[in-house]
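Welcome, and thanks for taking a look at this one. Please open the structure below and keep it in view while you read.

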Amino acid sequence: MWNEPDNAYWQGTSAEYDKLYDYTEAALHGVLPTANWVGPRGERGSSFLTQFLQHCATGTNAVTGKTGTRLDLITFHAKGAPRSPAGTSR
């Protein structure tokens with residue numbers, strides 16, 4: 001959900017994003033319980049992505065009040081000309 005909210009594309013706070021994520025996840029799985037849910041596509045190592053993963057693992061869900069939020073897949077952009085162990089870049 002959302003491309004690079006850790007950049008200027010998302011104008012809200014991290015807490016507001018977490019709340020949006022919780023409500024969207026609950027709505028999706030209320031209708032399609034077996035749907036795969038993909039989190040934000042962020043930049044590797046960003047503080048936003050770290051905070052978001054902590055929210056999903058141990059934070060308070062804005063909908064249920066319980067700990068954690070479902071997250072099936074997370075992706076990220078490897079910025080800054082990274083290299084693989086084989087020396088290639090994608």
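The notes below cover the nonpolar core, the aromatic rings and one threonine. Please bear in mind that this is a predicted model.

**The nonpolar core**

- The largest nonpolar core has 8 residues in all: Met1, Trp10, Tyr17, Tyr21, Trp37, Phe48, Phe52 and Cys56.
- Two helices, α1 (14-31) and α2, each supply at least two residues of this core.
- Helix α2 gives the most, with 3 residues.
- Trp37, one of the core residues, also has a long contact list: leaving out residues up to four places away in sequence, Trp37 touches Met1, Tyr21, Thr24, Glu25, Leu28, His29, Arg70, Leu71, Asp72 and Leu73.

**Aromatic rings**

- A pair of aromatic rings is described by the distance of the centres and the angle of the planes.
- The count here comes to 4 aromatic pairs.
- In the pair of Tyr17 and Phe52, the ring centres are 5.7 Å apart and the planes stand at 70°, so this pair is edge-to-face.
- Because Tyr17 lies in helix α1 and Phe52 in helix α2, the pair ties together parts that are 35 residues apart in sequence.
- Are these two rings buried or exposed? Tyr17 counts as buried, at 0% relative accessibility, and Phe52 counts as buried at 0% as well.
- Phe52 also pairs with Tyr21: their ring centres are 4.9 Å apart with planes at 85°, so this pair is edge-to-face too.
- Tyr21 lies in helix α1 and Phe52 in helix α2, so here the parts tied together are 31 residues apart in sequence.
- Tyr21 is buried, as is Phe52.
- Ring pairs link Tyr17, Tyr21, Trp37, Phe48 and Phe52 into a cluster, and these residues are among those of the largest nonpolar core.

**Thr69 in its loop**

- Where does Thr69 sit? Thr69 is found in the loop between α2 (47-58) and β2 (73-77).
- Thr69 has a relative accessibility of 8%; buried means under 20%, so Thr69 counts as buried.
- Which side chain makes a polar contact with the side chain of Thr69? The partner is the side chain of Asn61, at 3.1 Å.
- Setting aside neighbours within four places in sequence, Thr69 is in contact with Tyr21, Asp22, Glu25, His55, Cys56 and Asn61.
- Two of these contacts, Tyr21 and Cys56, are among the residues of the largest nonpolar core.
- Tyr21 and Glu25 are in contact with Thr69, and Trp37 touches Tyr21 and Glu25 as well.

Conventions: Residues numbered from 1 in each chain as written. Predicted model: local features only at pLDDT ≥ 70, side-chain atom pairs only at ≥ 80, totals over all residues. Heavy atoms only, no water. Helix = DSSP H or I, 4+ residues; strand = E, 2+ residues; numbered from the N terminus. Buried < 20%, exposed > 50% of the residue type's maximum accessible area, 1.4 Å probe, protein only. Polar contact = N/O pair within 3.5 Å; in protein donor to acceptor, adjacent residues only side chain to side chain. Contact = heavy atoms within 4.5 Å. Core = buried A, V, L, I, M, F, W, Y, C linked by side-chain atoms within 4.5 Å. Phe/Tyr/Trp six-rings, centres within 6.5 Å; stacked < 30°, edge-to-face > 60°.
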